[in-house]
Amino acid sequence: MPNATFATGDPQDIPAVLANKDHRAALQHHLVTTYPDQAVLALKLNIPGPIKNNARLTATFNAGLTAFDQVLHDHALTYQLVEQWDHPTGPEAFLRSPAAATTLKAVAVNFEDHHPLGRLFDIDVLTSQQPGPLSRQDSGLPVRRCFICDQPAKVCARSRAHSVAELQAAIDHTITTYFDEQETD
């Protein structure tokens, strides 16, 4: 039986995910071209398997986006929300900021690594000065860790060390725990 997070939603196939990736890349290119003196932040969830969005995942994304907004505010980093969507391939948000890209990347990595929902997020920081997003390694920041075993995530992904069902169970546990704790606060 599927867990609560992945019990509903429209399964997405590879062509839909790739089409969304192309749409995201086009928007990111447009934003870094339109705002060459600002950094662009692209936020999405890391969701394995065919279910990429439903009411629970959207609520998770919105809760994380609100928390990330607070983190930016706490660091006195200003930004403007440029676009947000809630596609079947997953919710995403795009921000632009006059802050230094390296500062934004450090704050984003800290959020990804330490906020209760952060490990579910992928926050890319892009600029007009380089062809792709700033990497953790280029910024001297720690590699992303696996949801399950805490090894480098890329190693586990490449070797398929964990099944989609295992990853989804870990994600469901993270989401359930987060919202249960929010209700008791």
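How many residues lie between E2 and E3 in their hairpin? Two residues separate them. Keep that hairpin on screen, for the tour begins there.

This is a predicted model, in which local features need pLDDT of at least 70, side-chain atom pairs count only at pLDDT 80 or more, and totals for chains, interfaces and linings use all residues. Residues are numbered from 1 along each chain as its sequence is written, and side-chain values use heavy atoms, with hydrogens and water left out.

**Stop 1: strand E3**

Select residues 90-97, which make up strand E3. Helices (H or I, at least four residues) and strands (E, at least two) are DSSP runs, numbered from the N terminus. Now add strand E2, residues 80-87. E2 and E3 pair in the antiparallel sense, over seven bridges. Two strands count as paired if DSSP finds at least two bridges between them. Click Gln84: its bridge partner in E3 is Ala93.

Next, add E1 (39-45). E1 and E3 also run antiparallel, joined by six bridges. Find Ala42, which stands opposite Phe94 in E3.

Is E3 covered or open? Eight of its eight residues are buried, so the strand is mostly covered. Buried means under 20% relative accessible area, exposed over 50%, and partly exposed in between (1.4 Å probe, protein chains only). Turn the strand over. On one side sit Gly90, Glu92, Phe94 and Arg96; on the other, Pro91, Ala93, Leu95 and Ser97.

**Stop 2: Pro91**

Stay in E3 and select Pro91. Pro91 counts as buried because its relative accessibility is 3%. Show its contacts (heavy atoms within 4.5 Å). Leaving out residues up to four places away in sequence, Pro91 touches several residues, among them Leu43, Leu57, Phe61 and Trp85.

**Stop 3: helix H3**

Select residues 101-114, helix H3. Measure between its end C-alpha atoms: they are 20 Å apart. Why does that fit a helix of 14 residues? At 1.5 Å a residue, H3 should span 20 Å, which agrees. The expected span is 1.5 Å times one less than the number of residues.

Color the buried residues of H3, including Leu104, Val107, Ala108 and Phe111. The buried residues of H3 pack against strand E1, helix H2 (55-74), strand E3 and strand E4 (121-126).

**Stop 4: the cores**

Hide the backbone and show side chains. A nonpolar core is a set of buried Ala, Val, Leu, Ile, Met, Phe, Trp, Tyr and Cys residues joined through side-chain atoms within 4.5 Å. The largest one has 33 residues. Select Leu41, Leu43, Phe68, Leu104, Phe121 and Ile123, which have the most contacts inside this core. E1, H2, E3, H3, E4 and helix H5 (164-184) each supply at least two of its residues. The largest share, eight residues, comes from H2.

A second, separate core has eight residues, including Leu31, Ala42, Trp85 and Phe94. In soluble globular proteins, nonpolar side chains tend to be buried together.

Zoom in on Phe121. Not counting residues up to four places away in sequence, Phe121 touches Leu43, Phe61, Leu65, Phe111 and Arg144, among others.

**Stop 5: the cysteines**

Select Cys146 and Cys156. How many disulfides are there? The count comes to zero, a disulfide being a pair of cysteine sulfur atoms within 2.5 Å. The sulfur of Cys146 is 3.9 Å from its closest cysteine sulfur, in Cys156, which is too far for a bond. Cys156 is in no disulfide either: its nearest cysteine sulfur, that of Cys149, is 3.4 Å away. Cys146 is buried at 4% relative accessibility, and Cys156 is buried at 9%.

**Stop 6: salt bridges**

The whole structure holds eight salt bridges. Each is a side-chain nitrogen of Lys or Arg within 4 Å of a carboxyl oxygen of Asp or Glu.

- Select Arg24 and Glu92, which meet at 2.6 Å, N to O. Arg24 lies in helix H1 (residues 14-34) and Glu92 in strand E3, so the pair ties together parts 68 residues apart in sequence. Both residues are buried.
- Select Lys44 and Asp122, which meet at 3.7 Å, N to O. Lys44 lies in strand E1 and Asp122 in strand E4, so this pair ties together parts 78 residues apart in sequence. Asp122 is buried, at 18% relative accessible area.
- Select Asp150 and Arg119, whose closest N and O atoms are 3.7 Å apart. Asp150 is partly exposed at 42%, and Arg119 is partly exposed at 28%.

Finish by selecting Lys44, Glu112, Asp113, Asp122, Arg136 and Arg144: salt bridges that share partners join them into one network.
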